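Got your viewer open? Here is a short tour, stop by stop, with what to select and what you'll find there.

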Amino acid sequence: TTDTPDTPTQTPAASISLRGIVNTNDNPFGCAVCSEPILDGSLSSFNCCCGKMACKKCNEAYDKFFDKKAGQCCLCNATNNGSIIGLVKKQAKRGHAWAQNQLGIMFDEGNEVAQSDYEAVRWFRKAAAKGHPDAMLNLSISCRLGEGCSRDLVEAKDWAQKVLGFDLVKDHAINQLALIGIEYSQDGKRDEGLSTLSAILETHVDVEKVA
């Protein structure tokens, strides 16, 4: 008899049907391949062409099972040739929150576009309105610093508090609230500063209760 070759073990990346389809993922904490939550941003990959996030396991599986062309996204097959601004702008204008936040970052850093704090805040605001946590945090920072908009600690605090509900960026939101509380105190608004710092303490209490 002829031996039958062993069938390769199925992996999320080997069986996924999304390959070659631009199906944007506006959930920054979920893997576009296996749908599992991404618990550590440093162990994931983000694709600026389609907004998909892939967890470490699925990203490694793609590297193993597919030959990726230079500059080609392994999830949507888009080729950026080293430049992503056109792809990001296209998706941002289509209303995808991940792209609007990414475009805001590019304007903030002057990456492939002329640096503009105003444009950065404009795009952060669009994405934040859709509930994108990174955009809400970025907008909070802009409001606190008065970059691209009027300095507004009230709005900065409001956006930072909304981010507290997202575990992956919760620590960043707490740091932001601490800075807002300090700046309130420096501005002579002691009560507002104490109120902001109290919100941080309440957050830690809730975590301990759940645990």
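In what order do the elements of the chain run from the N terminus on? Colour the chain by secondary structure and follow along: the order is α-β-β-α-α-α-α-α-α-α-α. That comes to 9 helices and 2 strands. Keep in mind that you are looking at a predicted model.

**The whole chain**

Stay zoomed out for a moment. The chain has 211 residues, and 42% of them count as buried. Now think about contacts between residues with a separation of 6 or more: 51% of these are accounted for by residues 24 or more positions apart.

**Stop one: helix H3**

Select residues 85-93, which is helix H3. Which residues of H3 are buried? Show side chains for Ile-85, Val-88, Gln-91 and Ala-92, and you have them. Look down the helix axis next: these residues cover an arc of only 135 degrees around it, so they sit on the same side of H3. What covers them? Add helix H4 (97-109) and helix H5 (117-129) to your selection, as both are part of the cover over the buried residues of H3.

Before leaving, click on Gly-95, which follows H3. Its phi is positive, near 95 degrees.

**Stop two: H3 against H4**

Keep H3 and H4 on screen and hide the rest. Their axes come within 8 Å and cross at roughly 135 degrees, which makes H3 oblique to H4. The crossing is left-handed.

To see who touches whom, show these side chains:

- From H3, pick Ile-85, Val-88, Lys-89, Gln-91 and Ala-92.
- From H4, pick Trp-98, Ala-99, Gln-100, Gln-102, Leu-103 and Met-106.

Colour that set by class and you get 7 nonpolar, 3 polar and 1 charged residues. Ile-85, Val-88, Gln-91 and Ala-92 should look familiar, since they are the buried residues of H3.

**Stop three: Ala-97**

Next, select Ala-97, which is in helix H4. Is Ala-97 buried or exposed? Ala-97 is buried, with a relative accessible area of 4%. Now draw a distance from its C-alpha atom to that of Lys-126: you should read 7.3 Å, although the two residues are 29 apart along the chain.

**Stop four: the loop after H4**

Move on to the loop between H4 and H5 and pick Glu-112. Check its backbone: phi is positive, about 70 degrees, and this residue is not a glycine. Why stop for that? Most residues other than glycine have a negative phi. As for solvent, Glu-112 is partly exposed, with a relative accessible area of 36%.

**Stop five: H7 against H8**

Last pair. Select helix H7 (residues 153-163) and helix H8 (residues 170-186). How far apart are their axes, and at what angle do the helices pack? The axes are 9 Å apart and the angle is about 155 degrees. Angles over 145 degrees count as roughly antiparallel, and H7 and H8 are therefore roughly antiparallel to each other. Their crossing is left-handed.

Show the contact residues:

- On the H7 side, these are Leu-153, Val-154, Ala-156, Lys-157, Ala-160, Gln-161 and Val-163.
- On the H8 side, these are Lys-170, Ala-173, Gln-176, Leu-177, Ile-180, Glu-183 and Tyr-184.

Colour this contact by class too, and its residues divide into 9 nonpolar, 2 polar and 3 charged.

Conventions:
Residues numbered from 1 in each chain as written. Predicted model: local features only at pLDDT ≥ 70, side-chain atom pairs only at ≥ 80, totals over all residues. Heavy atoms only, no water. Buried < 20%, exposed > 50% of the residue type's maximum accessible area, 1.4 Å probe, protein only. Helix = DSSP H or I, 4+ residues; strand = E, 2+ residues; numbered from the N terminus. Arc of directions from axis to C-beta. Contact = heavy atoms within 4.5 Å. Axes fitted to C-alpha atoms, helices over the stretch in contact; angles between N-to-C directions. Parallel < 35°, antiparallel > 145°, perpendicular 65-115°, else oblique. Left-handed = near helix turned anticlockwise from the far one by under 90°. Nonpolar A, V, L, I, M, F, W, Y, C, P; charged D, E, K, R; others polar.
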